[in-house]
Amino acid sequence: MFFRLLMESFRRQRRRKMLAGIAILLGTTAVTAMLALATTIGDRIHKELAVYGANIVIYPKADLLDVKVGGVDVKPASGGAYLKESDLAKLKTIFWGNNITGVSPELPVQMSVARHAGDPLVAASAVGYWFDHDFSGLKTGAPALHPWWRLQGSWPTAQNDPGHRNVVVGANLAKKLSLNVGDNFTVQQTQTAGSAQSSAVVTGIVTTGNETDNEILMTLRDAQTFTGANDAVRRVEVSARTKPEDAFARVDPDSLPPKQREIWYCRPYANSIAYQIREAIPGAQAEQVRRVEQSEGNVLKRISGLMWLISAAALLAAGFAVSAAMATAILERRGEIGLMRSLGASKGAIALLFYAEAGLLAVLAGTMGYLLGSGLAAWLGARIFAGDGGTAEAILIPVLLPVVVALALIVAIAGSTPSIRTALRMDPSAILRADA
Amino acid sequence: MTKPGLSGKLSLFGMLRRSLIHRRARSISALIAMTVSAGVATALLTLYADLDAKLHKEFRSFGANIVITAPASAPLRPDALARVQDIAGKDALAAQFAYAVATTDTGTPVVVAGTDFAAVKRLDSWWQVDSWPEPSTADAALLGQRAAQFVGNEKAVALNFAGHLITLHGVGRIKTGGEEDSRIYMPLAAFTAWTGVGPSVIELQMPGGAATVEATMARLRQTLPEMQVQPVRQLVEGESKIVDRTHALMYGAVLLIALTVAVSVLATLSASVLERRRDFALMKALGGSQMQLMGMFLLEALTLALAGVAAGFVVGSAAAWAISEGNFHTAALPHLSVLPLVFLLNVTIAAMAALFPARVLRGLQPAALLKGE
């Protein structure tokens, strides 16, 4: 009998059920979409913030000071310590190795260049980089960590013949030497006459807006053979997904008790990733780039905070709307309640029937709302963050399904309760007379 | 204003008042619904109106986005900083720097920079400094954490610039992970007195998006043609991109929530109108025309909508203030400019809620309804 009442109620009162159902459906859709966006916003914004470049930098502990003014390096060319390129593979083995999204080693080289063989030589600085390097499955290199570099032409590739290097030239230097893509020019190790000359081919011209505009960019391998320092790198830039710094992140891990230290170690703070890099690579000093890391954390915190608060607002609004719709749906049916009471149904049985209806409605409309909301979140995310690659995937977060349905259930039942209680408290004959 | 065909004692407003008061529970629930819809709309629109300014403010923590460099031949003019500040407006942060290479007591070359510590502290908020020097001390120095390793005595830093010696009082270390780690910073006046080198670089933090930065740069180039004005490209580009995307996200969220609330409120209200078929039938039987009755319902809904806007604006502005204070640590003051939009939204919902059931009601036969069929 109970099930029959329940089924008939859904079959015969389609309009009323539709109204309450639409309210729940829309409410859960909005809440699911907002929650799905709020939980994924961190990764999305992190990807956007990648334009600011590396957030961790590694250099040899024993290195001399950088003596750079306005991008001109006046550090003595000789001396200085190097890191080993072959050691970089260890970056993938650290605890948070999977959070490393980009690696770009650098090796600066001093050289002299001339437009044509025999022309007076000009001192120029060159830097060896990875360009499209396969770093154990991760395609990375300088262009990936400096997305604001604008290239005309193509990045250099390693050539077998050391006499014909492929290089990219900074825009200012290219202008000074009147070089275009495809041109050849002469490079020499020092300005003194006797040393060996070789030629280089310009494969591209890069504009960066900083001192790199005056530099020559070559492959790391070429830079190493040029200086005769095999396997050497001077500095490594690392881009890693991190958790914004809090007070706990700033403590010195070696001063913590073992248990706390473990927790510190296993959180993806920039500090703990830098600590793990120092452990993994001998002789290396790793530091967070505070300008990028601190500010990114700040922006990330604000934007995701905003999304969570908006989600809370959506939740509140949807809650109000659903409970108001449920209350109306019950109020409309006081006549039915009066009839059932006068036919001998107990208050408990009637309440159970109404709660069962509300529950069924909440589960059905809530599930549909979850699916609709997930689709909407995916669509919104893909539209807003278009062109970042890999963001168009559907956001189907399974954890959200029980959460959203449970919320719908709670709100629907809480919304119906006052109306059910009022209706049950009234005298059945009075209701029936008023509604006759 | 008496209604023709009704008793002279029953005015339209009398009926309205009685209808609202008699069905108090129903009126209150409708009023709550209208308040929620107006409140949510107000809160979201208020936040939305301020969003760009607030986000741009957060991006200030990235520091300078414009770098002004003097030509190699000549230092900056003495009034350069004042003129830059004048062009950029008082919201912009600017600091000037002078650089020279000196040797430390251990014989290591090091870059020494002269600057105004108070300006740098505001401009470069990401610097981790254990203690900023007092503005009054002329010989205070901040040591980059790497530079500090090449200094014999951190409390009395002895530096040599082309034979000129100076001893600075090191008050703390700087940690940034960037070039600053290899430098020693000191007050500009003492720096110039020691080296004879004047400031050559002004770093400027211009709040606002790419368009504002471009416009400021154009003005700077026009007024100070001898200087090189460069944007910090990654900052300018990144900021605009992120602000635009957050803006779009917020726009989507506002539309979504507004739609949810509007449809739910519409459902609630129109159900409550539909429920009053008996009133409708009675009035019709007493001689009211279709138009009069619809007008009556409409007026009732509009009254509720108006009350909802008044209450919702207050509630929504308070919510926006709380969200803004909680998230951005700055208050979002109530925007009266959102009021017309909120009003329009609520009135539309109310009008639709009143008129939506009109089709259902028109077909009803008063006699049949009153009989209970």
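**Figure 1. Chain B and its two domains.** In chain B, the C-alpha centres of domain 1 and domain 2 sit 57 Å apart. What you're looking at here, and in every view below, is a predicted model. The domain assignment puts residues 12–57 together with 241–371 in domain 1 of chain B, while domain 2 of chain B takes residues 65–231. Count up the secondary structure of chain B and you get 12 helices and 10 strands. With 373 residues, chain B would have a radius of gyration of 21 Å by the globule rule, but the value is 34 Å, well over that, so chain B is more spread out than a compact globule. The C-alpha trace tells its own story, spanning about 110 × 40 × 30 Å along the principal axes of chain B.

**Figure 2. Chain A and its two domains.** Chain A also comes with a domain 1, made of residues 2–48 plus 297–435, and a domain 2, covering residues 55–288. Between the C-alpha centres of these two domains of chain A there are 55 Å. Chain A holds 12 helices and 16 strands. Its radius of gyration is 33 Å, where the globule rule gives 22 Å for 436 residues; that is well over the rule, so chain A is more spread out than a compact globule. Measuring tape out along the principal axes, so to speak: the C-alpha trace of chain A spans about 115 × 55 × 35 Å.

**Figure 3. Where chain A touches chain B.** On the chain A side, 56 residues are in contact with 60 residues of chain B. Several elements of chain A each chip in at least two residues to this side: α2 (14–49), β2 (68–69), β16 (284–288), α8 (290–331) and α10 (347–384). The top contributor is α8(A), which gives 23 residues. Sort the chain A side by class and you find 38 nonpolar, 10 polar and 8 charged residues.

**Figure 4. Helices α1 and α9 of chain B.** Here helix α1 (residues 12–22) of chain B meets helix α9 (residues 290–328) of chain B, with axes that come within 10 Å and cross at roughly 60 degrees. That angle makes α1(B) and α9(B) oblique to each other, and their crossing is right-handed. On the α1(B) side, the contact residues are B:Met15, B:Leu16, B:Ser19 and B:Leu20, and α9(B) answers with B:Met296, B:Leu299, B:Glu300 and B:Thr303. By class, the residues of this contact between α1(B) and α9(B) come out as 5 nonpolar, 2 polar and 1 charged.

**Figure 5. Helices α2 and α10 of chain B.** This close-up shows helix α2 (residues 24–58) of chain B packing with helix α10 (residues 339–355) of chain B at an angle of about 150 degrees, their axes 9 Å apart. So α2(B) and α10(B) are roughly antiparallel to each other. Their crossing is right-handed. From α2(B), look for B:Met34, B:Ser37, B:Ala38, B:Ala41, B:Thr42 and B:Leu45; from α10(B), the partners in the contact are B:Leu341, B:Val342, B:Leu345, B:Asn346, B:Ile349 and B:Ala350. The contact of α2(B) with α10(B) has no charged residues, just 9 nonpolar and 3 polar.

**Figure 6. Helices α2 and α11 of chain A.** Over in chain A, the axes of α2(A) and helix α11 (residues 400–425) come within 10 Å and cross at roughly 140 degrees. Therefore α2(A) and α11(A) are oblique to each other. The crossing of α2(A) past α11(A) is right-handed. The α2(A) side brings A:Ile24, A:Thr28, A:Val31, A:Thr32, A:Leu35 and A:Ala36, and these meet A:Leu400, A:Val404, A:Leu407, A:Ala408 and A:Ala412 of α11(A). In class terms, the contact of α2(A) with α11(A) has 9 nonpolar residues, 2 polar ones and no charged ones.

Terms used: Residues numbered from 1 in each chain as written. Chains lettered and ligands numbered in written order. Predicted model: local features only at pLDDT ≥ 70, side-chain atom pairs only at ≥ 80, totals over all residues. Axes fitted to C-alpha atoms, helices over the stretch in contact; angles between N-to-C directions. Helix = DSSP H or I, 4+ residues; strand = E, 2+ residues; numbered from the N terminus. Parallel < 35°, antiparallel > 145°, perpendicular 65-115°, else oblique. Left-handed = near helix turned anticlockwise from the far one by under 90°. Contact = placed C-beta atoms within 7 Å. Nonpolar A, V, L, I, M, F, W, Y, C, P; charged D, E, K, R; others polar. Domains from an automatic or database assignment. Rg over C-alpha atoms; globule rule 2.2 N^0.38 Å.
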